[in-house]
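Here are a few exercises to work through with the model open beside you. Try each task before you read its solution.

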Amino acid sequence: MEIPFTVEARPDTGLENPKLGMWLFLASEVMLFGALFSSYILLRTGASSWPIQSQEVNVVVGTVNTMILITSSVTMVMAWASLKMDNFKNFRIYLMSTIFLALVFLIVKIFWEYIPKFHHGHYPSTNTFYALYYTMTGLHGLHILGGILINAYFLIPGSKMWKKDRKRFTNRIELAGLYWHFVDLVWIFLFPTLYLL
């Protein structure tokens, strides 16, 4: 049975079908990251010794990346708002800005965090902290990459839908935005957990 695409709210849920699907997907992602955060907390509280994290991670770089992701959430909202105001040109500018900021986040993560750690001999096998650090930030990085690919699709080939069905295209960008805000929210929790506590 095929579930039709609609932009009208369902009477039983109050949500459109695509938005309901996205919220269900994000709920599964919450469980995935929730399991990782729970593992981190259990392993840290049960450990007899734990490295001083401020000596293991670069708080300044983590803070810069946090600002980059928060800014990208703003540009994502502005991309969607531009479509709501029928301004496709501004939509493209804001979505390109979101993609650019996401790429900057990954470049900073790789070249100012991962590579220096590898040069100092800090690998996932070094200790429990690094095993969790690389797992959690690596999985988050894969989600960032997924967001880049989704947004790049809507920026280039997927944008043809704007001419055919503006309401549907705007709805798709809203869903991409929900995913992107979730990715940003995960980082908002990862940053204090891995860098500050």
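**Exercise 1: a charged pair in one helix**

K109 and E113 sit 4 residues apart in helix α4, so about one helical turn separates them. Helices here are DSSP runs (H or I, at least four residues), numbered from the N terminus. Before going on, some ground rules: this is a predicted model, where local features need pLDDT of at least 70, side-chain atom pairs count only at pLDDT 80 or more, and totals for chains, interfaces and linings use all residues. Residues are numbered from 1 along each chain as its sequence is written, and side-chain values use heavy atoms, with hydrogens and water left out.

Task: find what links K109 to E113, and say whether each is buried or exposed.

Solution. Start with the link: the two form a salt bridge, their closest N and O atoms being 3.1 Å apart. That term stands for a side-chain nitrogen of Lys or Arg within 4 Å of a carboxyl oxygen of Asp or Glu. Next, the cover: K109 is buried at a relative accessible area of 3%, and E113 is buried at 0%. The cut-offs are under 20% for buried, over 50% for exposed, and partly exposed in between (1.4 Å probe, protein chains only).

**Exercise 2: the other salt bridges**

Task: how many salt bridges does a search of the whole structure find, and which residues share partners in one network?

Solution. The search turns up 5 salt bridges. Bridges with shared partners join E16, K19 and E174 into one network. Within that network, K19 pairs with E16, with 3.8 Å between the closest N and O atoms. K19 is buried at 14% relative accessible area, and E16 is buried too, at 13%.

Now look at D86 and R166, another salt bridge, with the closest N and O atoms 3.7 Å apart. D86 lies in the loop between α3 and α4 (88-119) and R166 in helix α7, so this pair ties together parts that are 80 residues apart in sequence. D86 counts as exposed at 51%, while R166 is partly exposed at 42%.

**Exercise 3: a serine in α3**

Task: what does the side chain of S72 reach, and which residues does S72 touch?

Solution. First, place S72: it is in helix α3. With a relative accessible area of 0%, S72 is buried. Its side chain reaches the backbone oxygen of L69 at 2.7 Å. Leaving out residues up to four places away in sequence, S72 touches T98, L101, W180 and D184 (contact means heavy atoms within 4.5 Å).

**Exercise 4: the nonpolar patch**

Task: which residues form the nonpolar patch on the surface, and which helix gives the most to it?

Solution. The members are M67, I70, L185, I188 and F189, with about 470 Å² of accessible area together. Such patches take residues with over 30% relative accessible area and no salt bridge, joining nonpolar side chains (Val, Leu, Ile, Met, Phe, Trp, Tyr) within 5 Å and like charges within 9 Å. The areas come from the Shrake-Rupley method with a 1.4 Å probe, and for residues only the protein chains shown count as cover. Now sort by helix: α3 (59-84) and α7 (166-196) each supply at least two residues, and α7 gives the most, with 3. One of the patch members, L185, lies in α7 and counts as partly exposed at 46% relative accessibility.

How values were computed:
A polar contact is a pair of N or O atoms within 3.5 Å; within protein, one must be able to donate a hydrogen and the other to accept it, and residues adjacent in sequence count only if both atoms are side-chain atoms.
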